[in-house]
Every structure is written in structure tokens, then in C-alpha cells.
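Dear colleague,

Please find the structure below, together with its sequence. My findings follow directly after it.

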Amino acid sequence: MYKNQRSFRTIIGLTLTLLFCACAGQQKSETSAIQLAATDAAAVKTETQQAVPEGQLDEDVIPTAYRIELDINPELEEFVGAVEIDIDIRNPYTTIYLHGADLNVDGCVFEQNKTPIAASYKQLNEHGLAAVTLPVVPKEGAATLKFHYHAPFTKGLRGLYKVMSRKNAYAFTQFEATSARYAFPSFDEPRFKTPFQISVLSNLNHRVVTTTPLKNVTEREDGKKMHVFETTTPLPTYLLSFSVGELEIVNAPDIPANALRHRAIPFRAVTVKGQSEHVKYALKETPQILEAIERYFNVPYPFKKLDIIAVPDFRAGAMENVGAITFREIFLLIDAPHASANQKRRFANIMAHELGHMWFGNLVTTAWWDDIWLNEAFATWLAAKIVHQVYPQYDYPVLQWSNTRWAMGEDSLTHARQIREPIQSEHDISSAFDAITYQKGAQFLSMLETWMGEDAFRQGMTHYMNKHAFGNTTYQDLIDALETQTTKSITPVAKSFLFQPGVPYVTLSEKGLSQERYRPLGVNYSTEYTWHIPVCGAHTKGCTVLNQPTHAFHSSAQDQENTTTTLSKLSNEKHLNLNGAGYYRFWPGDDVFMSTKQSPTLSVLERMSFVDSVIARFEMGRLPVSDFIPFAARIVESEENLRISSQVIEPLTFILRNVPEEKRLERIQQLKPSFRKLFDRIGLFQKADESATITMVRPYMVDFFTFELNDNKSQRRLAEKAWDYLGFTLNGDVIKDAVPADLVPQILRAGLRQHGQQFNEIAINRFKSTYDPLTRSNLLSALSTQQSLAERKRFLELTRTEDTRENEVMMILMYSASQQPDWTWQFVVENYDAISQRIPVRQQARLTKILSYASDLIHLDTLDQFFGSKIEQMSGGPRQLSLSKEKIKINHALKSYINTPASGER
């Protein structure tokens, strides 16, 4: 294979000066070249080597430009590359540190003042730190590093990797956070933004898509094509992208120029063979999302073109590569006539998130991964805002609050990380892409926006982007930009949330306000924190910055941040979270809770934050289950917005699954009438004139009512439609028109319960035969709920077959774990070697999460004993193991609480 590609080297131009070298440690004999490059003795440093960097690279050498030529044939097992990196030497040493992982470097040359010197290259550790060693100390100033290499396509859906679809081979990339180094030698850190010149050699029948528009393509006599692309704007390595194979490209009309942007944007969709018919919806909807972002910040789209690319096997949901955004197929391929409202809503959110990155992350890039929240929190916050503008029917800010509650769960743990967490290792980088960064970060921004005012916040953001366009930033740059637009002191508020983990818990009493760290049962913190919390009343609209453990109402001091509002004005407040924007939980007093019925003047987000705070109090062990159950029932009956009432499903499910059978039946009888009233009102199936919120949330309510509350009538009604969906067409496809799109998983689940083995057999065969990503996901969701051990084992065996994509393996395990963690864990233990080979490297630590659904403390030792030293080899493994163990403790403590009459009943 390697020999078949050697002809590529003759076209590169690098070969004219290349002095082949083996790996580091081998002697060289190019004496004349060395002598030509020798510097004046007075200019040579006495030290010739510096310390090996343990984290970030030093700035002794800075990249200034790349020229990359790759020969990519995904039908083979490896690719060939030739790379030139222009560098600026600021502090000369004989060793230049950079990155390269699993690259077989055949030749490396250092060139300065047009004089080439043979150099040696060596990879120093498993994370891809590499060294180029020179025989002499170079001069300060400009120079060039040149490499020839070949490398395998990377395993684990990272770097430059292969995908098979319908027996065709493709190559795609995923470079964030530190995987560009698997594709080419590089300074693989976000602060190094440079222009890239990219060329790709491919088979004649293959097409190539990358970051910039195609400049020219030349067919060669050997049956290959050379694609040369336009030079990029200054970019970090992690934002490049390559897609190669028999791609189908659908050209859409250019996104037209507008009052803000005086040029049109070339716009296309890219899929593997056989999938392009499903991109019409995405091509139709994307331009209005992009233009809404432009209008919001008054900053035009900053890049030359936009391609949206559907990848069959992809680790992330999507990736914001400049000009070439990659998506997991399920999020981009929308069969519009048959798509569920939830699928369309997910598309809108993910597209808005990734397009938001064109500004937050791509135009302005974090200097280091400790500030990755500047990318991800902003894109998450912006997506909620833009989706609500463009698609108000999805009521997206309400869903965003649900995601915030998920983040608060992670943030309640002892080992919770800060939003801006120090990054000192590969483990830290992997851990940074979590709910704290995305969801907590986004809610923190919403809190600042509400406190500052939307206009001032938006102007601060625009100032930030314009000032740092095509550059790098840290959190301080953001704070400085916001403070140009307000008289409020942003710094103490920002730092108290950025540099401390945990969720503030604010209590309202007759005496005043107090704060503490929210502490669920089973968690024991060794450290308490005090935040600077902008507490704003929903009724009074007044705010105070609560920056002490307690603030008395009857103080003569004016509010520190708003002299028109004294703290005492909040003394009559019954709701402490204006617009639901604050990142904290609160307790308004027992009298407000007991009345249950919330003021009709409160917004949906404000009512959501109240219900969340009640749930949090139950999980703290300060609200007996005997009070919580009736509260949940009343919310289900009385709350018009299903997003609000759906919040009680998770704690109610936990209660029903963790009490003795007799008590469970009693709780079911308490809850069933309220849910029956709900379905009498909204119906089990979709109505023609109902709101999108009801359509999207109904599946969660149906799930709980039908299967957790054991409503046999609704189960039979759902199961009646299950055969219609699977169908018996000649080609074995499902019949999508047969059932309501949003209820497919619930209908299939009922079918498995009611129709037995034959139905199960057909469902598995449908999964194996279909290429439709949504159908595959729906079938996996339903199959995970099977109750017999034999059926569950057969479902889990899908993790080991070629019928299952790598990105579906963890989906299968986590679906199963949410239903039966013990059974799922036993399967993983018995098949660990085979399973771990099919899980992307950066996801392997998630295997510890399987037991995070359990409540038996014996599993703490189980995890330690099984993973042992293996956990250190998993990206982000040590922290994920700690989090999973703590969740077991929380589950155990809450289970004990709800089953102890002295504390769980009143």
C-alpha cells in the first residue's frame, strides 16, 4: 500500500531539498549543509536545549503559515503527507517541540536563509508531543520545517479516519481538541492561528471538501486528481476539515448578500453516496439561522463559503470546522414529511450552535483550553436565543432551562469542575467538554445578560468580536469588553462563577437573604463557597448582588450595583429568579411552596425555575417524599406548559424504581389520576392544532404514564400501531407514515411488550438493514427497554457486530444502563476487550457511567477493582470515575431517604 503511493512525493517540490533522515538518534553526514547554516560564534547560544514541555508548548518557536499536501485514498489503510511549516524562531535552541502522533516520518528538513539542514524527528509520548532536533543552533527569525511522512488512518473516530457506508470507503476528520496531530505535524494548540494552503490528491472518482473553496483541480496521468484550495484565514489546527470519497454534493443557491454583508456565501450540502435526497430541509432552513446571527451581533459571517456535511460515523453531534461543518447524520439528514418535531428542533439548535461558533471560536478563538467555555458556552447561549427568534414554536429557552438543570446535577458533585478549569493534561482537556462548560456556562451568560440588560450585553459582545477578530482571547478580554458597556462591576460576579464549582442556593426569609452551596443527599463538601450572585425578583424586577453568606433586609446600605433598588424591596418578593436566568436555586419559604399555585404573572421560565428549586429541595433531603408526591401531582394537573410539568418525571421515576413493591403500587395510585387527567386534556396521540411544545414533550409523559405507572390501556393502544410502523414491505423498510413521528420509540416499546419474540426479531432485522439514522436511533431506544435477560443480552450483542456503527455502541450501552445498570455492567465486564475496541478513545471513560444509575454502594469497589490502572489510560478517566462513584452515593442516599419514615415521610 505504501509503495503504491510513493509517486505522490515526486510532485511535492519538497523533494528537491529533502535530505532523508531516520527517526531521532541516527547520525547524519550532511556536513556541507550543516556548515552552510552555521551561525557566527558570537550569535550562538551556549545552551542548546530547553526543558521538555509538559503541557502547553513554549513560545520559543511560533508557526506563521502551513502548506499541506495529502494523498488520501480511503480504500487503503494509510495516507501520505508532505508539510511545510513556516516558523518564527524567537528563542533559538537545537530542539523544536511540536506535535505529531503516530506519523511515520521519512524525511524532515530545517531550512533557514535558503539553506536546508537534515534534522531528526521523534515522537516523545503517547499524546503526540514530538521533537525536531537540529545539529546546530539556528538563528532567530524566519525558517521553515519540512516533513515527508505516511500514517495510518486513525482509529476511534478522531484525526483523519475511515468510514464505510454501503460498502464504499470515505475519509473524514475530527481534530478538536488535540487530534490534528494524527493527520500532519503541527503546533496543535488553539493559540497558534495561521493561514493554511491545502492540496489533496485523490482518486478520479473521489471528491474532496475542505475549509476553503476549491481553487483548481488537475487530472493526472496516473489516474488521480490534485485539488488545490484557496488559502485560509488565520486558523488554529483544530478547525481544519477534510472529507474524501464518492461524496454527493448538493449545490444550493448562494446565501445572498445583505445590508450587513456585501457578498454572497456559496452554500452546499455534502453526504455519502445515497443520502443526498435528505438534505433539502437543512438547505432550506440554514440560511435564515445564519442571517439571524449576523443581525443579532451586527457582525457579518466571516468566512468564504459554507458546507454542511453529514458523516455516517461521527463521535460528536457536530463540529464547527471553518466553512465545512460536520454533523452526525441523524442531526442533518431530515426526511421532512416524516420527521418528528423533536428532530427538527434538534436540527435547529445544533445548526445554530455550530454557526454560532463561526463567531465564537472561529473568528475569535480561545488562547487555551481552560477558556473553552468562551467557545461552547457562548454557542449554547446564542443557539437558544436564535432558535427562539427563528422558531418561536419550539419554546427553546424553556428547553435550555432543562439542560441547565442537567448541568446543576453535575455541578453538585464534590469533584465538579469550574467553568474555567486549569488545563494541565490530556485528561483535563477531555473533561472540559462537559455540561459545566456548555450548560452552566450558557446560564451564567444569561444571568449576566439579564443583570446588565440585553442591549448592553449585546453591545459588549459585538465590541469583543470586533476587537479580537481572527485573534485569540482569554476570559479577561470578555470581562473587559462587557465592562465598556455598563457601570456595574462585572469582575467580582464573573470570577465568583468562573473560578468556583457548585450551585448557589439562596434562601428567602423574614430577616433577609442567605446563600449556601447546594448539597444533594450523599455529597459531603470539604469547602464552602460564597458567590457574588445577581439575585433579581420576578415581581419587583429589582436586583441585588448577594455577596455575603447573609444579607439583612433592614439594612441602611443601598444595593451595591443598583442604587435605585434597596435590598429591602425584595422582602416582599416570592420569586427570586427573574426570567429564570440566574444560575442558582432558591427557596421562597414554606408558605409559598404549600400554596403550589404560582402567580399567573410569572413567565414560563420563572415557573420552571420554581419547580426545579422544589425538586432540588427534595433531593437535598429537606422536603419529605410525602410532600413532594402531591406537589408533583398538582403540577402535572395544573401546569399548562408541559415542559414545566415534565421536570417532575425524573425524580418520580427514581422514587418508583427505588421503593418496595407495595409502596410503589401506592405511589402509582397517588399519581395515576393526575396523569390520566393530563392525557384526557392533551390526548395520547397528536392533535392537528396542538402546540409544538405538547408534541415534543408528550413522548416523555407517555413513557412515564404507560410504562412507569403501568397503564395497560395506553400500552395496548400504542402497541396496536407498532406492526404498522415495522410493516412488511418488499424491501424491508419501515412505514413512517403509519404512526406519529414523535411517538415512534414509545410505540415500538409497547410493541415489544405486547407482541413478543416475532416483533423483536423483525425490529432487530430492521435496525440491521436500514441506513436511516433516525430509524436506527428509534429502534435502539425501544430495544433497550426489553425486560427478559435473554432479549437484553441479544440487544447488547449489537455492540459487537459490524451492523452497528462505532458512534452507536455507547448509545446502546447507555440506553441499556438507564433501564438495567447491573445487567449492562455484567455484559461489559464479560466482553470488555471487544467492546472497548469499538468505542472512540475519548468516550471510553464513559463506561464508568453505566453504574452511575445504580444505588448499591458495593459498586464503588466494583468500579475500582475493574478499572484499576486502566482508568489512567482513558482520556478524562480519573475524573469520570470519581463522578460516577459519587452518583452512586447520591442514588444510595436518596433511596435511603425515601424509604426511611423518619426522614422520608411527614
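Asparagine 298 lies in the loop between α2 (280–297) and β18 (306–311). Please note that the model is predicted. The phi angle of asparagine 298 is near 60°, a positive value in a residue other than glycine. With a relative accessible area of 53%, asparagine 298 is exposed, because the cut-off for that class is over 50%.

A second residue with this kind of backbone angle is aspartate 102, whose phi is near 60° and therefore positive, although the residue is not glycine. Aspartate 102 is found in the loop between β3 (95–99) and β4 (104–112). Its relative accessible area of 44% makes aspartate 102 partly exposed.

The peptide bond between glutamate 176 and alanine 177 also deserves a look: it is cis, with omega at about 5°. Alanine 177 is placed in the loop between β10 (168–174) and β11 (196–203). As background to these three sites, most residues other than glycine have a negative phi, and most peptide bonds are trans.

Turning to the aromatic side chains, the count comes to 41 aromatic pairs. In one of them, phenylalanine 628 and phenylalanine 631 form a tilted pair, at 6.4 Å centre to centre and with 35° between the planes. These two residues are three apart in helix α14 (residues 625–638), so about one helical turn separates them. Phenylalanine 628 has 0% relative accessibility and therefore counts as buried. Phenylalanine 631, at 0% relative accessibility, counts as buried as well.

Another pair is formed by tyrosine 832 and phenylalanine 866, which meet edge-to-face at 5.2 Å centre to centre, with 85° between the planes. This pair links distant parts of the chain: tyrosine 832 is in helix α25 (residues 832–836) and phenylalanine 866 is in helix α26 (residues 858–867), 34 residues apart. Tyrosine 832 counts as buried, because its relative accessibility is 12%. Phenylalanine 866 is likewise buried, with a relative accessible area of 18%.

There is also one aromatic cluster formed by Tyr296, Phe297, Phe360, Trp373, Phe378, Trp381, Phe444, Phe457 and Phe497.

As for the chain as a whole, the protein chain has 28 helices and 28 strands. Its C-alpha trace spans about 90 × 80 × 60 Å along the principal axes. How does the radius of gyration of the protein chain relate to that of a compact globule? For 906 residues such a globule would have a radius of gyration near 29 Å, and the protein chain has 29 Å, which agrees.

Of the 906 residues of the protein chain, 63% count as buried. Among contacts between residues at least 6 apart in sequence, 73% join residues at least 24 apart.

At the surface, the protein chain exposes about 33700 Å², and carbon and sulfur atoms supply 49% of that area. The protein chain carries 96 positive and 103 negative side chains, and the centres of the two sets lie 3 Å apart.

With kind regards

Note on methods. Residues numbered from 1 in each chain as written. Predicted model: local features only at pLDDT ≥ 70, side-chain atom pairs only at ≥ 80, totals over all residues. Heavy atoms only, no water. Helix = DSSP H or I, 4+ residues; strand = E, 2+ residues; numbered from the N terminus. Rg over C-alpha atoms; globule rule 2.2 N^0.38 Å. Buried < 20%, exposed > 50% of the residue type's maximum accessible area, 1.4 Å probe, protein only. Contact = heavy atoms within 4.5 Å. Areas by Shrake-Rupley, 256 points an atom, 1.4 Å probe, with all protein chains shown as cover. Lys, Arg positive; Asp, Glu negative; His and termini not counted. Charge placed at Lys NZ, Arg CZ, Asp CG, Glu CD. Phe/Tyr/Trp six-rings, centres within 6.5 Å; stacked < 30°, edge-to-face > 60°.
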